[in-house]
Amino acid sequence: MLNRIKHYFTLDCVIFTIMTVVLSIVYYFATWDSTVKTITVEGLFKTFGTMVFSYFTVTTVMAFLFMILEKHINENGYIGHLISMAIVLSCVYGLGGGVFDWFPIFSIWSLYTFIVIVIVYTIVFFTMFHKNVEDSNKINEKLKKMQEKNNE
Amino acid sequence: MKLSIFKNPKFSEPEVILNYSEETEEVNKLIETLNSLNNTIQCFKNNSNFNIKLNDIYYFESVDERSYVYTKDNVYECKEKLYTIEETFKNTSIVRVSKSCILNITKLKSVRPFINGKFEATMLSDEKIIINRHYVSAFKKKFNI
């Protein structure tokens, strides 16, 4: 259980970091809210603090749902990816859009949000895949050494 | 159960001879324990019994509630369920890789990851075995990763 919590906490941190980086870039280039240009330094920190808190809440709920539905995600191949995507979408639209007002749900920003989700999901997905490639290389090296030792 | 222990310098290694009149649960448990100490498993094929060494086993597979043991050239059936095998040999080179398969990492040639989070294991016999996502972390741990 402790290992699973550790694993999902790491996953939480990875999603949180990537999401913060991507959304920071999006906010930086976004021009839809003119108040951003006139906001005070104090206000900016307050806004940033609220944003970070809301990101962390959303990613933590997401990681919790991943942990509960782990069995279904792991055993269903590509359907598992659809379940993962459903978790992400329900958290971002339900919590992010609905509770934290990240974006007006019934507007064009819902579509932009969807694009951001796809980008974040793809980056997390490939980060995980890259880790598996690295780990399999390490395993193959160990197997090679084991076989060489057995052949001696 | 009667236990007799003899110390004799003529034996180069300990020898256990088990005499019994009928196969009881106690006898089976004793055989299982002795087998696990010796890292062997009792299997059968064509009405003959075999004691297969763990070092010769490539993988265990469960099909239709029956357990099979795969070696380089043979397939045997064994009475034990996969979870019993896993428990008996828990500190050895075997690792569970799916609901229906346990493999011996000493008979593993290579692994490669799939994009869906699963791994594919290639055995020394070139057979391919899928490592399910749920078991990937335990599999990596077996290699201290």
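**Exercise 1. Find which residue of β7(B) stands opposite Phe60(B), then work outwards to the whole sheet.**

Step 1. Phe60(B) has Ile102(B) of β7(B) standing opposite. A quick note before going on: this is a predicted model, where local features need pLDDT of at least 70, side-chain atom pairs count only at pLDDT 80 or more, and totals for chains, interfaces and linings use all residues. Residues are numbered from 1 along each chain as its sequence is written, while chains are lettered from A and ligands numbered from 1 in the order in which they are written.

Step 2. Now zoom out to the strands. β3 (residues 59–63) and β7 (residues 101–104) of chain B pair in the antiparallel sense, over 3 bridges. Strands (E, at least two residues) and helices (H or I, at least four) are DSSP runs, numbered from the N terminus, and two strands pair if DSSP finds at least two bridges between them.

Step 3. Place that pair in its sheet. The order is β2-β1-β5-β4-β3-β7-β6 (chain B), an open sheet of 7 strands with antiparallel pairing. At the edges stand β2 (48–53) and β6 (94–98) of chain B; each has a single partner strand, so one side of each is left without a neighbour in the sheet.

**Exercise 2. Work out which strands stand at the edges of the sheet β8-β9-β10 (chain B), and what packs on it.**

Step 1. This open sheet has 3 strands, paired antiparallel. Its edges are β8 (108–113) and β10 (128–131) of chain B: each has just a single partner strand, so one side of each has no neighbour in the sheet.

Step 2. Look at one pair. β8(B) and β9 (residues 119–123) of chain B are joined by 5 bridges and run antiparallel. Here Leu108(B) stands opposite Met123(B) in β9(B).

Step 3. Add the helix. α6 (residues 108–151) of chain A packs on the sheet, touching β8 and β9 of chain B, and its direction makes about 170 degrees with that of β8(B). Such angles run from 0 to 180 degrees between N-to-C directions, with axes fitted to C-alpha atoms, for helices over the stretch in contact.

**Exercise 3. Find how many residues of chain B are in contact with chain A, and which element gives the most.**

Step 1. 16 residues of chain B are in contact with 16 residues of chain A. Contact means that C-beta atoms, placed from the backbone, lie within 7 Å.

Step 2. β8 and α3 (133–142) of chain B each give two or more residues to this side. β8(B) gives the most, with 6 residues.

Key. Two residues are in contact if their C-beta atoms, placed from the backbone, lie within 7 Å.
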